[in-house]
Amino acid sequence: MKTVLIYFAAALAEIAGCFAFWAWFRLDKSVFWLAPGMLSLVAFAWLLALSPADQAGRAYAVYGGVYIVSSLLWLWGVEGHRPDQWDVVGAVICLVGAGIILWAPRSI
């Protein structure tokens with residue numbers, strides 16, 4: 001469970017950090033949005049480094065699936081646009097793939 005929380009916390013930190021830039025650049029928010037955005041991106045990198053995956057590339061691959069699900073949750077919760085059935089189907093497929101990558105038995 002700790003691993004799942006790490007990945008979802010990393011996704012929240014990355015999405016929030018990128019959204020801060022989006023808000024400044026696309027929504028005409030204050031430049032001061034960038035400071036917490038940058039701190040959030042630092043938190044993202046730190047959290048992703050806590051992944052139990054043995055290789056960075058595998059950690060990033062797993063993160064990709066979690067990021068997709070988290071992005072759709074952000075779309076719904078923060079931006080107020082409910083994901084459609086195809087968003088959900090695609091996200092489930094990605095999350096299953098991420099789980100296989102992370103927890104599949106590996107030969108040494």
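**Exercise 1. Decide whether Ala53 is buried or exposed, and describe its surroundings.**

*Solution.* Start with the relative accessible area: for Ala53 the value is 18%. The cut-off for a buried residue is under 20%, so Ala53 counts as buried. Keep in mind as you work that this is a predicted model.

Next, place the residue. Ala53 sits in the loop that links helix H2 (34-49) to H3. Then list its contacts, setting aside residues up to four places away in sequence: Ala53 touches Tyr7, Arg58, Ala59 and Leu102. Finally, compare sequence and space. Ala53 and Trp103 are separated by 50 residues in sequence, yet their C-alpha atoms are 9.1 Å apart.

**Exercise 2. Summarise the overall build of the protein chain.**

*Solution.* Begin with the secondary structure, which amounts to four helices and zero strands. Read from the N terminus, the order is α-α-α-α.

Now turn to the dimensions. Along the principal axes, the C-alpha atoms fill a box of roughly 50 × 35 × 20 Å. The accessible surface is about 7,300 Å², and carbon and sulfur atoms account for 71% of that surface. As for burial, 31% of the 108 residues count as buried.

One last step concerns contacts between residues at least 6 apart in sequence: 66% of these join residues at least 24 apart.

**Exercise 3. Work out how the buried and exposed residues of H4 are arranged around the helix.**

*Solution.* First check the helix itself. H4 covers residues 85-103. With 19 residues, H4 reaches 27 Å from its first C-alpha to its last, close to the 27 Å expected at 1.5 Å a residue.

Second, pick out the buried positions: Ala91, Ala98, Gly99 and Leu102. Because these residues cover an arc of only 100° around the axis, they lie on the same side of H4.

Third, look at the other side of H4, where Gln85, Trp86, Ile93 and Ile100 are exposed.

Fourth, ask what the buried residues of H4 pack against. Their partners are helix H1 (2-26) and helix H3 (56-77).

**Exercise 4. Find the residues that make the nonpolar surface patch of about 350 Å², and examine Val92.**

*Solution.* The patch is made by Val88, Val92, Val96 and Ile100. Take Val92, which lies in helix H4. Its relative accessible area is 47%, so Val92 is partly exposed. To be part of a patch, a residue needs over 30% relative accessible area, and Val92 at 47% passes that cut-off.

**Exercise 5. Which residues does Ser40 contact, leaving aside its neighbours within four places in sequence?**

*Solution.* Locate the residue before looking for partners: Ser40 is found in helix H2. Its relative accessible area is 15%, so Ser40 counts as buried. The contacts that remain are Ala13, Ala16 and Gly17.

**Exercise 6. Explain what is notable about the phi angle of Asp28.**

*Solution.* Start from the general rule: most residues other than glycine have a negative phi. Asp28 is not a glycine, yet its phi is positive, at about 60°.

Then add the setting. Asp28 lies in the loop between H1 and H2. With a relative accessibility of 69%, Asp28 counts as exposed.

Key. Residues are numbered from 1 along each chain as its sequence is written. This is a predicted model: local features need pLDDT of at least 70, side-chain atom pairs count only at pLDDT 80 or more; totals for chains, interfaces and linings use all residues. Side-chain values use heavy atoms; hydrogens and water are left out. Patches are made of residues with over 30% relative accessible area and no salt bridge: like charges are joined within 9 Å, nonpolar side chains (Val, Leu, Ile, Met, Phe, Trp, Tyr) within 5 Å. Accessible areas come from the Shrake-Rupley method with a 1.4 Å probe; for residues, only the protein chains shown count as cover. A salt bridge is a side-chain nitrogen of Lys or Arg within 4 Å of a carboxyl oxygen of Asp or Glu. Helices (H or I, at least four residues) and strands (E, at least two) are DSSP runs, numbered from the N terminus. Buried means under 20% relative accessible area, exposed over 50%, partly exposed in between (1.4 Å probe, protein chains only). The expected span of a helix is 1.5 Å times one less than its number of residues. The arc is that of the directions from the helix axis to the C-beta atoms. Contact means heavy atoms within 4.5 Å.
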